[in-house]
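Welcome! Here are a few exercises to work through with the model on your screen.

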Amino acid sequence: MMIKNLRLQNFRNYEDELVQFVPGTNILVGDNGQGKTNVIEGIYYILTGKSYRVQREQELLRWNQSEFHLFGDFLLSHHKVSLESHYRDKKKIVKVNKVPCQRLSDFVGTINVIFFSPDDLIIIKGGPTERRRFLDLHIAQIRPGHVSLLNAYNKVIQQKSALLKSYVERSLKYSQLQLWNQQIIELGVKIIRNRVDLTKRLQVVADNIYGNLTSHKEILQVVYLALGKKDIAEAISEFPQLLNDKLELEMERQMVLIGPHRDDLQILLNDKPARLYASQGQQRSLVLTLKLAELELIREEKGEYPLLLLDDVLSELDIFRRDYLIKFIESSNIQTLITMTSAETHLKAGALYHVEQGHIRRKQ
Ligand SMILES: Nc1ncnc2c1ncn2[C@@H]1O[C@H](COP(=O)(O)OP(=O)(O)OP(=O)(O)O)[C@@H](O)[C@H]1O
Ligand SMILES: [Mg+2]
């Protein structure tokens, strides 16, 4: 998969800028605050319909403007796909090959992207929500149905929460809660299975990458904890009972206390939780490994590597790990866009761009 060009109109600090990309490594160099990350964000947005930095599109609008446009041409199995994202008056319109797309989920995942920035350390350091999000975003790229499944599940959770908080006669409340619980089981088991399946595949690929990255001195393990249990078959068979056991407490606390919306992905370094024991550099390496493992899994699934967007990551890695990443990028056929504040001499650029005050000029 490849991006051929991107046009940003009134997006962040870009007024109207067109940039052509090449296969292989595209390096964006510029001082702080010039617009490097904004380009990466634009590509991520046009491919996923979301920004990874902000919740509201309003913040993506160039100051004092009322609409933004992103246009991009991509190659997917040698076919050209043109995408357009238009935002105005709190509404977004997506076009694929100039045809409006009714539901965003219909096109998300067509062209895959892996994004990695220093903020991704949150996958290790943050709470379970961040790790579930990491898994769900990946699954959504290969199984578009996962997004609808999550939406349906979250609606049931919202409705059950509303019921827990409402003034309904106790026995009636109890029987209605049982009905929601049935749906939680039905949808929740599917979510758990998708996440477990991905975790197992991640483990195999990540183990190999992390071994190479650390000269086999450290061991990485990822384990999905479903309903607090490592044994997934047991968790699924006990799900109805676990829900029943929690009902009283849920009524008391007025919260839905059990289900895949509270699950976690354990990331272990040498058998210990990385969140608590891994050093800063080890945490970076763990996330890098998970991202590279995602790349491989998408290639296995789709037969092509996704785009790789690396925002400001080289400066965060030590020489050995940086070299590993550079070799990985150079030896594979992955189109990579990488930002940095000064040109990295070891990295061979397919194209080098200079970014300054919302203008992008190709230098090499
Ligand atoms: N909505 C917006 N409208 C106009 N300008 C914006 C908007 N949002 C951010 N900016 C400007 O964009 C610039 C930041 O761009 P970006 O985050 O891409 O910088 P960068 O080149 O990645 O810098 P760094 O090296 O510090 O990461 C800032 O100057 C900021 O003021
Ligand atoms: Mg930046």
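**Exercise 1: the sheet**

Work out the strand order of the open sheet and find its edges.

Step 1. Six strands form an open sheet with antiparallel pairing, in the order β2-β1-β4-β5-β6-β7. Strands here are DSSP runs (E, at least two residues), numbered from the N terminus, and two strands pair if DSSP finds at least two bridges between them.

Step 2. β2 (14-20) and β7 (99-100) each have a single partner strand, so these two stand at the edges, with one side of each left without a neighbour in the sheet.

Step 3. Now look at one pairing: β6 (residues 91-96) and β7 are joined in the antiparallel sense over two bridges. Val96 has Val99 in β7 as its bridge partner.

A note on the source: this is a predicted model, in which local features need pLDDT of at least 70 and side-chain atom pairs count only at pLDDT 80 or more, while totals for chains, interfaces and linings use all residues. Residues are numbered from 1 along each chain as its sequence is written, chains are lettered from A and ligands numbered from 1 in the order in which they are written, and side-chain values use heavy atoms, with hydrogens and water left out.

**Exercise 2: the ligand**

Find the polar backbone atoms of Gly33 and Gln34 that face an oxygen atom of ligand 1.

Step 1. For Gly33, the distance is 2.7 Å.

Step 2. For Gln34, the distance is 3.1 Å. Both are polar contacts (a pair of N or O atoms within 3.5 Å).

Terms used
A polar contact is a pair of N or O atoms within 3.5 Å; within protein, one must be able to donate a hydrogen and the other to accept it, and residues adjacent in sequence count only if both atoms are side-chain atoms. Helices (H or I, at least four residues) and strands (E, at least two) are DSSP runs, numbered from the N terminus.
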